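User: I've got a model open and a few quick questions about it. Can you walk me through the ligand site?
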Amino acid sequence: MDNLRLWHKFLETIKPSIGPANFKTFFSKTLLKSINEDKIIISTPHAFAKETLNQKHLPLIEQTFANLLGRDIQVEFVVKEMEIQPENEEEEFFQPIQTTTAVINPKYTLENFVVGPSNNVAFAAAQAVVQNPGTSYNPLFLYGGTGVGKTHLMLGIGNALLVKKPHLKIIYCSSEKFMNDYVTAIQEHKMGDLRRRYRSCDILLIDDIQFFSGREGTQEEFFHTFNELQTKSSQMILTSDRPPQEIAKLEDRLKSRFAGGLMIDIQPPDFDTRVAILRAKCIEQGSMLPEDSLKLIASSLDSNIRELEGKLIQILQALKAQGLSADPGNVGRFLGQSFRKPVITDSKQVLSTVCSFFNIALKDLTGPRRQKELVLPRHIAMYILSEELKLTVEKIGQALGGRDHTTVMHGRDKMKKLITTDREVQRILIEVKQKLIS
Ligand code: ADP
Ligand code: MG
């Protein structure tokens, strides 16, 4: 268990025994500072908290840690003010004390976020935001498909800031929560409260903002919240399943605000990253699978990490329940029906799938005409035949009605470039491939 997780676990455990009011007073700005074999140091916001915790709650605190760690441990308190660097003192003094630990799931950290080519830019941006919240990348707008790690990364930033700058007031909510809060505030005539709440935070994290689509009142309210937070350099991090321009029924002024910060997409992870993620999840689960078994699972699912993780956990449980070893043979059995390693072997099938996807005739795809709408389908076909079927450029040329191999090379290379830059092309390719293997 890392420090952050230990601390969250501790807060969770001790909260019921301490009572909500005391909890808020004494733990809201309190943090686990360090831990070694036999001593934990906890930093407290002021001498009053230190004294009270020491006098009233020390045995309970020590006992709680002992239970969590499975060993006796001594707890000592220090007052936080003494460690603050001078330039922060003023800022620290005026910040509201706020506990946010309850809302941010400590499970998602930057430390346990596996970095690969599909998400390294987003990860670097996340680190930059943690270093200097509110300054350079505001808002940070993370977008990408389902289960690629948007929420994980956003909460990773939140958790890192909780540790690094515990005095900051962080709000994390789903876009639905924001919408509901807005509707309730109107019904109960409490707009003032809503505004005070959202506009006073230092860090605002809103998940799945695409759901603001069509909600005019919410958008209006959020627009003003956004402006105010930006003016006072409060960091905003937003996630969405698509870039702002593609969110239907979203006001233009919001689109341009969102695009005015740092927009980064997270791609589905490649094979190696999937293997690395599975390895990390195994370690978290406290059980290890052989490399070949990890690879087998990683090759069975190719975009959604949530599903990948779900599958892994199912398999680990099934292996354990039946007392089986985790070799690829057994793992393969449990991958079962959903084991759909893409095995595309038939070039005719590729061509007909591409044709039906683009709604064009095979004779046009393979024919001599050079119409614009035939170019992308041909390039997609060339790419799949080359990358998935590993056909030679000569063979691909033949399959496409006797085209020259240099034409094929050109088309394939063009696609290789496009799929790294053009989201629309990426999506088409994924959809065509999915059709091919289903
Ligand atoms: P999204 O919000 O994009 O739909 P999530 O952030 O909820 O996806 O991620 C889905 C699951 O996959 C979570 O359990 C998350 O921890 C895991 N996950 C996603 N990306 C990574 C990564 N790079 N490293 C480790 N786990 C990841
Ligand atoms: Mg999410």
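Analyst: One term before we start: a polar contact is a pair of N or O atoms within 3.5 Å. Keep in mind that this is a predicted model.

User: OK. How far is the polar side-chain atom of Thr151 from an oxygen atom of ligand 1?
Analyst: The distance is 2.8 Å. Arg306 also brings a polar side-chain atom to 2.9 Å from a ligand 1 oxygen. Val148 uses a backbone N or O atom, at 3.2 Å from an oxygen of the ligand.

User: How much of ligand 1 does the protein bury?
Analyst: The protein buries 95% of the 550 Å² that ligand 1 exposes when taken alone.

User: Which elements give two or more residues to the shell around ligand 1?
Analyst: Helix H6 (150–164), helix H11 (271–285) and helix H13 (305–321) do.

User: And which residues come nearest to ligand 1?
Analyst: Val114, Gly147, Thr151, His152 and Glu309, out of 18 around the ligand. The shell splits into 6 nonpolar, 8 polar and 4 charged residues.

User: Where does ligand 1 lie relative to domain 2 and domain 3?
Analyst: Ligand 1 lies between them, because domain 2 (120–265) and domain 3 (271–337) both supply shell residues.

User: Switching topic. Is Ser293 buried or exposed?
Analyst: Ser293 is buried, because its relative accessibility is 0% and the cut-off for buried is under 20%. Ser293 sits in helix H12 (residues 291–300).

User: What is Ser293 in contact with, leaving aside neighbours within four places in sequence?
Analyst: Ser293 contacts Ala326, Asp327, Pro328 and Val331.

Conventions
Residues numbered from 1 in each chain as written. Chains lettered and ligands numbered in written order. Predicted model: local features only at pLDDT ≥ 70, side-chain atom pairs only at ≥ 80, totals over all residues. Heavy atoms only, no water. Helix = DSSP H or I, 4+ residues; strand = E, 2+ residues; numbered from the N terminus. Buried < 20%, exposed > 50% of the residue type's maximum accessible area, 1.4 Å probe, protein only. Contact = heavy atoms within 4.5 Å. Near = heavy atom within 4 Å. Polar contact = N/O pair within 3.5 Å; in protein donor to acceptor, adjacent residues only side chain to side chain. Areas by Shrake-Rupley, 256 points an atom, 1.4 Å probe, with all protein chains shown as cover. Nonpolar A, V, L, I, M, F, W, Y, C, P; charged D, E, K, R; others polar. Domains from an automatic or database assignment.
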